[in-house]
Amino acid sequence: MHPLFNYINEYASTLISEEDFKVLRSHFVEKEICKKQYLLEEGEVCENFAFIIKGSMRKYYTDEKGIEHVVSLYVENWWAGDRESFVMLTPSKYNIQALEDCEVLLITLENKLRLTELFSSFKEMLLKLDEKNNIATQKRITSSISSTAEKRYIDLVKRYPHFIQRFPQHLIASYLGITKDTLSRVRRKMLKK
């Protein structure tokens, strides 16, 4: 079955039927994004959220010194976009770039709202995702304020072990808010244990 069908049914207590999924699926647009291409660039309004079927992406911003800071990393069965820009229709501060060739399903805000009215399972999935996102954001803020680099890395490995294989070390370091050298030291120290 389609990855989005499985994804919705994983999060919803009322399962969506195959027939209803065909209607739901018609509200999305398929798109291929080549490696290094952008789903969203700074200054654009995020007109679509993307469900990743295949590939990986990063969301980052560039500070006034020209240094890139990774805010999010995305893989298959994750949603990519700038929530603030998507909902408020404001220019984004972020870039979302494909790190591998990607296949995505795009949905507009209008279609998202329409689907929440049509399908309780879709609405329930979105509510659960919002809860998970809020919890993950809270943990990440707390970790960045009070955890050591080693603890942040250990937490990342526990929560997202596949990230270590999928993403280059400099992106992992940026995502953790540490330098690449610090990450190398942390990894060496862990290997010695």
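I started with the largest nonpolar core of this predicted model. It has 35 residues, and Leu4, Leu24, Phe28, Met57, Trp79, Phe122 and Met125 touch the most other members. I then listed the elements that give two or more residues to this core. The helices are helix 1 (3–11), helix 2 (18–25) and helix 5 (120–146). The strands are strand 2 (38–40), strand 3 (48–54), strand 6 (79–80), strand 7 (95–98) and strand 8 (102–108).

I picked Leu4 and left aside its neighbours within four places in sequence. Leu4 is in contact with Phe21, Leu24, Phe28, Phe51, Trp79 and Leu105. Another core lies apart from the largest one. I noted 19 residues there, among them Tyr153, Ile164, Ile178 and Val186.

Next, the sheet. I found four strands in an open sheet, ordered 1-8-3-6, with antiparallel pairing. Strand 1 (29–33) and strand 6 are the edges, as each pairs on one side only. I looked up the join between strand 1 and strand 8: five bridges, antiparallel. I checked Lys31 too, and its bridge partner in strand 8 is Val104.

Last, the cysteines. How many disulfides does a search of the whole structure find? I got zero. Why is Cys34 not bonded to Cys102? The sulfur of Cys102 is the closest cysteine sulfur to that of Cys34, but it is 9.3 Å away, too far for a bond. A disulfide needs the two sulfur atoms within 2.5 Å. For Cys46 the closest cysteine sulfur is also in Cys102, at 15 Å, again too far for a bond. I compared exposure as well: Cys34 is partly exposed, at 41% relative accessible area, whereas Cys46 is buried, at 3%.

Notes:
Residues numbered from 1 in each chain as written. Predicted model: local features only at pLDDT ≥ 70, side-chain atom pairs only at ≥ 80, totals over all residues. Heavy atoms only, no water. Core = buried A, V, L, I, M, F, W, Y, C linked by side-chain atoms within 4.5 Å. Buried < 20%, exposed > 50% of the residue type's maximum accessible area, 1.4 Å probe, protein only. Contact = heavy atoms within 4.5 Å. Pairing = 2+ DSSP bridges.
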